[in-house]
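Trainee: I am new to this structure and would like to look closely at its salt bridges before anything else. Please take me through them slowly, and then show me what surrounds them.

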Amino acid sequence: MNTVAKILKAKATGKSVWTISKDALVTDALKIFAENKVGSVVVMNGASLVGIFTERDFAYKMGVNAKDPSQTKIEEVMTSKVITVEPKQSVNICMALMTEHHVRHLPVVEGSHLVGMISIGDVVKDMIEELQFMVVQLEKYIQGLR
């Protein structure tokens, strides 16, 4: 069974996490989304993780309420209850957490340190690769029985 650590290792930018200060403006986060083709930023207060701001947060909390992103601080619209995982956790646990909590991004923490970020795309890709490996192994096994 694969782990979060394996996913981070396989990602070209596995240990890169886009962060933003809780005092930054929503437009700052939108620039990070656009420039880096990401859908979330981890919100920090100094070295402490205090939230996450995602495209969904923007759509649900900004657009519907017609807030001005150039006048709104991230801390006003971020999700403060962040679901996190540790490197040792299994991919299956991540999928369960994402499904249960309806989230697409999981910050990876080790102790109190932010060490990475995984997305639903990373998890699905890993699960597909694992299934493909199992199919190949089963085909080899069946061929060996003939």
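**The salt bridges and their surroundings**

Mentor: Let us begin with K22 and E75, which are joined by a salt bridge whose closest N and O atoms lie 3.6 Å apart. This pair links distant parts of the chain, since K22 sits in the loop between strand 1 (19-21) and helix 2 (26-36), while E75 belongs to helix 4 (residues 74-77), 53 residues apart. Please keep in mind throughout that this is a predicted model, and that every distance and area I quote is computed from it.

The two partners have unlike surroundings. K22 has a relative accessible area of 18%, so K22 counts as buried, the cut-off for that word being under 20%. E75, with a relative accessible area of 36%, is partly exposed, as befits a value that lies between the 20% and 50% limits. The pair does not stand alone either, for K22, D23 and E75 are linked in a network of salt bridges.

How many salt bridges does the structure hold? The count is 6, and two further examples are worth following in detail.

One of them joins D126 to K6, with the closest N and O atoms 3.8 Å apart. D126 lies in helix 6 and K6 in helix 1 (residues 4-10), so this salt bridge ties together parts that are 120 residues apart in sequence. Is each partner buried or exposed, or something in between? D126 is buried, having a relative accessible area of 6%, whereas K6, at 40% relative accessibility, counts as partly exposed.

The other example is of a local kind, and it is formed by the side chains of K125 and E129, which meet in a salt bridge at 3.7 Å, N to O. Why are these two residues separated by about one helical turn? They are 4 residues apart in helix 6, and that spacing accounts for the separation of about one turn. K125 is exposed at 52% relative accessibility, because the limit for that class is over 50%, while E129, with a relative accessible area of 39%, is partly exposed.

Helix 6 has therefore come up with both D126 and the pair K125 and E129, and it is sensible to follow this helix a little further. Helix 6 covers residues 120-145, and L138 has its place there. L138 is exposed, with a relative accessible area of 51%, and together with Y141, I142 and L145 it forms a nonpolar patch on the surface, whose accessible area comes to about 450 Å² for the four together.

For a contrast with L138, turn to V42, which lies in strand 2 (residues 40-45). At 0% relative accessibility, V42 counts as buried. Starting from V42 and going 20 residues along the chain, one reaches M62, and the C-alpha atoms of V42 and M62 are separated by 18 Å.

The pockets come next. The largest pocket encloses about 360 Å³ of space, and of the 17 residues that line it, T54, T79, H102, V103 and R104 are the closest to its centre. Strand 3 (48-54) and helix 3 (55-63) each give at least two residues to this lining, and helix 3, with 5 residues, has the largest share. Sorted by class, the lining of the largest pocket holds 5 nonpolar, 6 polar and 6 charged residues.

The second largest pocket holds about 220 Å³ of space. Its lining is made of 12 residues, and those that lie nearest its centre are K11, S16, W18, V38 and M117. This lining divides into 4 nonpolar, 6 polar and 2 charged residues.

Finally, it helps to place these parts within the whole chain. The secondary structure comes to 6 helices and 5 strands, and from the N terminus on, the elements follow the order α-β-α-β-β-α-α-α-β-β-α. Taken along the principal axes, the C-alpha atoms fill a box of roughly 70 × 30 × 30 Å. Of the 146 residues in the chain, 36% count as buried, with K22, D126 and V42 being residues of that class which we have met on the way. If you return to the display now, you might retrace the path from K22 and E75 to D126 and K6, and then along helix 6 from K125 and E129 to L138.

Terms used:
Residues numbered from 1 in each chain as written. Predicted model: local features only at pLDDT ≥ 70, side-chain atom pairs only at ≥ 80, totals over all residues. Heavy atoms only, no water. Patch = residues over 30% accessible without salt bridge, like charges linked within 9 Å, V, L, I, M, F, W, Y side chains within 5 Å. Areas by Shrake-Rupley, 256 points an atom, 1.4 Å probe, with all protein chains shown as cover. Buried < 20%, exposed > 50% of the residue type's maximum accessible area, 1.4 Å probe, protein only. 1 Å grid on protein atoms, 1.4 Å probe; cavity = no way out; pocket = protein on both sides within 12 Å on 5 of 7 lines; lining within 4 Å. Points joined across faces, edges and corners; volume = space filled by probe spheres on them. Nonpolar A, V, L, I, M, F, W, Y, C, P; charged D, E, K, R; others polar.
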